Amino acid sequence: QVQLVESGGGLVQAGGSLRLSCVASGRTFSSYALGWFRQAPGKERECVSAISRSSRSTYYADSVKGRFTISRDNAKNTVYLQMNSLKPEDTAVYYCTADSGAAYSTASYLPDKYDYWGQGTQLTVSS
């Protein structure tokens with residue numbers, strides 16, 4: 001079992017930056033691929049970014065490429081999402097996820113691949 005706890009959300013002005021963090025419980029953090037999903041009101045949940053176990057493979061949604069950066073620190077059981085040049089359309093609840101069955105260099109954008117989810121953290125970007 002893995003428990004994921006997100007932090008770092010809040011209110012920020014358009015053009016600003018914020019970093020989300022997600023700390024995982026357990027001793028097998030390095031064996032999980034990790035992802036960040038978001039869901040805005042009235043919209044489907046979408047994968048924002050994902051990172052493989054090896055950290056060599058990453059995925060970014062087109063809407064965040066060049067603005068967001070995912071990284072992981074296995075020693076701290078933590079995955080980060082650095083978000084720059086934020087836009088009002090980035091407003092959503094952001095969820096940290098873990099995929100226990102991922103291949104070493106796979107970073108999936110499919111929500112069904114992820115078997116552990118955090119409670120979510122709200123990001124609001126004002127215009």
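Here a trainee and a mentor talk through a sheet, a buried threonine and the cysteines of a predicted model.

Trainee: Let's start with the sheet of four strands; what is the order of its strands?
Mentor: Happy to! The sheet is open, and its strands pair in antiparallel fashion. Neighbouring strands are turned by 15 degrees against each other on average, with direction ignored. Reading across, the order is β1-β3-β8-β7.

Trainee: Which strands stand at the edges of that sheet?
Mentor: Look for strands with a single partner, because such a strand has one side left without a neighbour in the sheet. That description fits residues 4-7 and residues 68-73. The edge strands are therefore β1 and β7.

Trainee: How many bridges join β7 to β8?
Mentor: Strand β8 covers residues 78-83, and the two strands run antiparallel. One of the pairings involves F68, whose bridge partner in β8 is M83. The number of bridges joining β7 to β8 is six.

Trainee: T78 caught my eye; is T78 buried or exposed?
Mentor: First, place the residue: T78 belongs to strand β8. Leaving aside neighbours within four places in sequence, T78 is in contact with S21, C22, V23, F29, S71, R72 and D73. The relative accessible area of T78 is 6%, and the cut-off is under 20%, so T78 counts as buried.

Trainee: Which residue has its backbone oxygen 2.7 Å from a polar atom of the T78 side chain?
Mentor: Good one to check on screen. A polar contact needs N or O atoms within 3.5 Å, and this pair lies 2.7 Å apart. The backbone oxygen belongs to K76.

Trainee: Now the cysteines: which two form a disulfide?
Mentor: A search of the whole structure finds one disulfide. The two sulfur atoms are 2.1 Å apart, inside the cut-off of 2.5 Å. With -80 degrees about the S-S bond, the link is left-handed. The pair is C22 and C96.

Trainee: How many residues apart in sequence are the parts that this pair ties together?
Mentor: Both cysteines are buried. C22 lies in strand β3, residues 18-24, while C96 lies in strand β9, residues 92-99. The pair therefore ties together parts whose separation in sequence is 74 residues.

Trainee: And C47: how far is its sulfur from the closest cysteine sulfur?
Mentor: C47 is buried too, at 5% relative accessibility. The closest cysteine sulfur is the one in C96, and it is too far for a bond. The distance is 11 Å.

Terms used. Residues numbered from 1 in each chain as written. Predicted model: local features only at pLDDT ≥ 70, side-chain atom pairs only at ≥ 80, totals over all residues. Heavy atoms only, no water. Pairing = 2+ DSSP bridges. Axes fitted to C-alpha atoms, helices over the stretch in contact; angles between N-to-C directions. Buried < 20%, exposed > 50% of the residue type's maximum accessible area, 1.4 Å probe, protein only. Polar contact = N/O pair within 3.5 Å; in protein donor to acceptor, adjacent residues only side chain to side chain. Contact = heavy atoms within 4.5 Å.
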